[in-house]
Amino acid sequence: MKLLVDSYTFDPVAKTVTFNEYTTLNHASLLLITNVTVGAMIYNFAKATQVVTIAGNVVTLNASVDTTGMSATDDLQIFYEDPSANAATDESVILLRRISKLLEPMATQDAAQRQRIAINSVEACIPVSSYGSVDPRFQIADWARTAYNTGIRSNLT
């Protein structure tokens with residue numbers, strides 16, 4: 001699994017990067033080292049000109065890599081392919097599981113993702129026509145309300 005290594009010691013004078021959490025490194029697993037403070041690519045596995053040597057957990061950069069202007073306190077972005085890393089215990093996987101759980105339908109939804117409505121009681125309504133001479137728009141609104149209520153009741157399970 002590709003990991004972002006955040007525990008390291010960088011020595012720009014000696015041109016070394018020490019991985020603090022590893023005792024030995026696999027050369028084929030080192031993917032990328034970037035100095036994000038100055039915006040410089042230090043190592044990329046795909047570039048034949050950027051060669052490193054690895055002894056234990058210490059990566060020594062090629063003499064052609066220019067580290068002038070870099071400091072030991074610079075932030076590095078290091079990607080390392082660790083085959084022993086278990087994705088099931090990774091914190092991001094746990095968070096993704098929680099997000100997927102939140103995206104599941106709620107108990108108040110049916111299979112078609114419609115909101116279920118429970119009507120506990122129905123009170124009698126006075127029709128608008130019993131008010132006498134009222135604007136006809138209110139009567140149309142009353143008809144629409146009645147049609148909506150009838151439609152909702154017929155779709156309840």
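Mentor: A charge sits over a ring if NZ of Lys or CZ of Arg is within 6 Å of the ring centre and within 35 degrees of the ring normal. This is a predicted model, in which local features need pLDDT of at least 70 and side-chain atom pairs count only at pLDDT 80 or more, while totals for chains, interfaces and linings use all residues. Residues are numbered from 1 along each chain as its sequence is written, and side-chain values use heavy atoms, without hydrogens and water.

Trainee: Over the face of which residue does Lys2 lie?

Mentor: The distance from Lys2 to the ring centre is 5.1 Å. The ring in question belongs to Phe79.

Trainee: Which strand gives the most to the largest nonpolar core?

Mentor: A nonpolar core is a set of buried (under 20% relative accessible area) Ala, Val, Leu, Ile, Met, Phe, Trp, Tyr and Cys residues joined through side-chain atoms within 4.5 Å. The largest has 19 residues, and Phe19 and Leu30 are among those with the most contacts inside it. Strands (DSSP runs of E, at least two residues, numbered from the N terminus) that each supply at least two residues include β3 (16–19) and β8 (76–81). With three residues, the strand giving the most is β8.

Trainee: Why is the pair of Phe19 and Tyr22 stacked or edge-to-face?

Mentor: Rings of Phe, Tyr and Trp (its six-membered ring) pair if their centres lie within 6.5 Å; planes under 30 degrees apart count as stacked, over 60 as edge-to-face and the rest as tilted. By this rule there are three aromatic pairs. The centres of Phe19 and Tyr22 are 6.3 Å apart and their planes lie at 70°, so the pair is edge-to-face.

Notes: Buried < 20%, exposed > 50% of the residue type's maximum accessible area, 1.4 Å probe, protein only. Helix = DSSP H or I, 4+ residues; strand = E, 2+ residues; numbered from the N terminus.
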